Amino acid sequence: MGLPEAREDSPGRGPVLLALRYYGGELVRLRWLTAPAMLSPALGNIGINYIAPLIVAKLVGHIADGGGSTVASVLPYVLGFAGVLLLAEALWRVGLHFLNRLDARGIEHLYVIGMDELFAKDATFFHDNFAGSLTKRVLSFASRFEDFVDTLTFSVVGSFVPLLFGSVVLWSYEPLLVVGLLAMIAFTAGCVTPLIRRRQALVNQREEAIARVSGHVADSLMNMDTVRAFGAEEREAAEHRSRVAESRRLTLRSWDYGNLRIDTLVAPMSVLTNVMGLLLAVTLGGGGHGVEAVVVAFTYYTNATRIMFEFNQIYRRLESSMTEAGQFTELLLTQPTVLDPASPQPLLSTAADVRFEQVTFAHAGAEPLFERLDLEVGSGAKIGLVGRSGGGKTTLSRLLLRMTDIDAGRILIGGQDISTLRQADLRGLIAYVPQDPAMFHRTLRDNIAFARPDATEAEIRRAAEAAHVTEFADALADGFDTMVGERGVKLSGGQRQRVALARAILRDAPILLLDEATSALDSESEVLVQKALWNLMEGRTALVVAHRLSTVATMDRLVVLDRGRIVEEGTHQQLLAAEGAYAKLWQHQSGGFLDDAPARAEPDLTCWAPPGSPSSRRRP
Ligand SMILES: Nc1ncnc2c1ncn2[C@@H]1O[C@H](COP(=O)(O)OP(=O)(O)OP(=O)(O)O)[C@@H](O)[C@H]1O
Ligand SMILES: [Mg+2]
């Protein structure tokens with residue numbers, strides 16, 4: 001189907017070790033929770049699995065040795081038994097109390113660390129990684145901490161610490177019992193490990209199949225309008241069915257391997273170990289302890305051999321949590337390239353002149369787009385950037401914002417090289433309306449106020465009015481409190497642009513950078529919005545990208561970009577007179593001949609006429 005796969009490869013050792021460092025760091029940071037969280041359940045298990053049976057063994061030994069079975073004679077044992085079980089339960093409750101806090105606080109901190117790391121990434125990173133995949137990775141990085149800690153607590157510390165205790169007790173009866181038990185456990189572990197590895201390969205295939213299902217689900221859902229428009233529901237559903245079937249097949253295969261191969265090996269080993277323990281206890285007599293030793297050996301062996309069945313679980317759960325955490329940490333191994341300088345310069349002046357000096361830049365893996373590009377925009381000047389699609393207009397805007405770093409040359413604002421400024425300071429100088437303005441799934445008000453969170457209601461309202469947002473906002477059921485839908489889907493393209501313009505107006509920055517900011521507006525709304533923009537441009541430096549040439553025809557200067565080169569520069573009239581690339585574009589757009597163009601342009605030009613300018617006075 002050629003659909004993008006949400007497939008994530010297993011990370012290598014480096015990312016997994018880094019993830020372990022983060023998780024270990026949390027355990028150390030929260031050590032006052034870690035110690036009781038891990039030890040209490042282990043002590044509880046000692047009580048339940050080893051001390052309580054030991055008391056029962058002593059009781060049986062006591063009766064067998066003729067100590068009698070009257071209430072008075074067995075009472076101390078029974079009370080001891082009850083006391084130990086109660087204490088063990090209490091230890092478990094205490095342990096879980098601390099474990100809950102350890103999990104919750106660790107996850108909270110990892111959520112914060114994860115997002116902080118992502119906020120520190122540069123724009124290129126987000127172009128190279130899907131948002132859906134990043135979301136899954138950053139959330140799993142935090143949430144899998146719970147699985148990691150729980151497995152350590154319940155299966156590793158909770159099994160092996162009691163086993164240690166059991167070994168000490170067994171030793172006191174008969175050292176051979178300990179040697180036999182530990183040898184059998186180690187032997188089983190050795191036999192099972194290659195099988196577990198093999199199973200892991202099946203688990204990976206299963207996970208990939210599940211990822212293919214989720215990738216297709218996300219892709220279909222995101223493109224549901226296209227699916228409907230092409231009547232492709234059945235085709236998409238069939239693809240989904242086939243992916244789900246594949247996932248079922250691989251899931252069953254991995255489960256069956258666990259059940260049929262691993263556990264069929266572990267089960268006889270465990271039986272053999274138990275039988276051996278019983279024989280040892282009976283034949284060696286437990287150093288004269290008789291019946292008591294038999295009972296102890298039987299129960300201890302039964303408990304200890306349960307660990308054999310857990311190897312698989314422990315390995316699988318630790319591996320799967322570390323794999324998922326590693327899928328996030330591998331993103332951290334490549335450092336972002338756009339960084340704040342070590343000692344950033346303070347903003348020196350409020351001058352807002354922009355200068356590109358000998359700028360060379362290539363998109364990753366592509367031919368250089370700009371080579372030694374020079375462009376100067378004086379403070380307060382209004383420049384129109386025009387030219388064919390793919391000419392580099394958007395890229396130029398993004399370089400000015402330092403979304404990506406240039407390869408050579410300098411970009412200066414107010415005489416300061418932008419790479420010497422803090423990114424936040426630089427971007428604070430610029431109000432940017434991107435070509436495809438994105439909306440947050442928040443209210444209309446929040447979307448506008450995003451430009452300046454401290455703006456008052458009146459300021460937000462004024463910006464909204466200037467960008468003609470109020471016109472449609474007031475007609476909405478919830479007005480400014482309307483949620484705009486994911487990525488703003490509940491707004492029309494033109495409405496989204498107006499919200500983005502309101503943001504720029506509210507931002508109140510000395511440089512305006514508009515990339516096709518009014519392209520989706522109908523001519524009538526454009527006239528209205530542009531008036532507001534002229535007011536906004538008053539006293540500011542403006543770089544305005546537009547395909548509709550009438551939008552920028554009255555700017556101070558027009559710059560024509562073609563394949564990364566400035567091919568022409570001048571005012572509208574100068575460029576028409578030059579009869580070059582711009583004149584040709586103009587001719588296409590005005591649909592007539594060059595000679596007619598200026599005359600035809602008149603009505604359109606008023607769109608961008610500053611208030612009080614000759615052309616606006618000429619308006620009827
Ligand atoms: N992230 C990117 N990675 C690689 N190449 C890119 C990237 N973004 C843009 N390009 C390429 O750079 C060139 C200039 O693109 P840019 O978006 O700057 O053009 P534009 O002048 O804004 O075009 P339009 O008028 O269609 O918006 C194009 O050839 C484009 O394919
Ligand atoms: Mg563009």
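How many bridges join strand 1 to strand 4, and in which sense do the two run? There are five bridges, and the strands run antiparallel. Keep in mind that this is a predicted model, then use that pairing as your way into the sheet.

Strand 1 covers residues 354-362 and has another partner in strand 2, joined to it by six bridges, again antiparallel. You can pick out individual partners here. Phe-356 of strand 1 sits across from Leu-375 in strand 2, while Arg-355 has Leu-412 of strand 4 as its bridge partner. Between strand 1 and strand 2 there's a hairpin with five residues linking the strands, and in it Gly-365 takes a positive phi near 75°.

Now follow strand 4, residues 408-413, outward: it pairs with strand 5 in the antiparallel sense over two bridges. Leu-412 turns up again here, this time opposite Asp-417 of strand 5. Put together, you get an open sheet of four strands in the order 2-1-4-5, with antiparallel pairing. Strand 2 (368-377) and strand 5 (416-417) are the edges; each has a single partner strand, so one side of each is left without a neighbour in the sheet.

The unreviewed UniProt entry annotates residues 354-588 as "domain: ABC transporter". That span is 34% helix and 25% strand, and its end C-alpha atoms lie 31 Å apart.

Next, look at ligand 1. Its surroundings include His-127, His-363, Ala-366, Leu-369 and Gln-435, along with Ser-389, Gly-390, Gly-391, Gly-392, Lys-393, Thr-394 and Thr-395. Sorted by character, the shell has two nonpolar residues, nine polar and one charged. Helix 10 (residues 393-400) gives the most to this shell, with three residues.

Finally, move over to helix 3. This helix has 49 residues and reaches 70 Å from its first C-alpha to its last, close to the 72 Å expected at 1.5 Å a residue. Its buried residues are Ala-88, Leu-91, Gly-95, Phe-98, Leu-99, Leu-102, Asp-103, Gly-106, Leu-110 and Gly-114. Among the elements covering them are helix 1 (13-29), helix 2 (31-64), helix 5 (131-173) and helix 9 (291-329).

Leu-96 lies in helix 3 too, within residues 71-119. Why does Leu-96 count as partly exposed? Because it has 15 other C-beta atoms within 10 Å, and being buried takes 20 or more, while exposed means 12 or fewer. For a sense of scale, the C-alpha atoms of Leu-96 and His-547 are separated by 64 Å, with their positions 451 residues apart along the chain.

Notes. Residues numbered from 1 in each chain as written. Chains lettered and ligands numbered in written order. Predicted model: local features only at pLDDT ≥ 70, side-chain atom pairs only at ≥ 80, totals over all residues. Expected span 1.5 Å × (residues − 1). Contact = placed C-beta atoms within 7 Å. Pairing = 2+ DSSP bridges. UniProt positions renumbered as here; feature names shortened; annotations may be inferred. Near = placed C-beta within 6 Å. Nonpolar A, V, L, I, M, F, W, Y, C, P; charged D, E, K, R; others polar.
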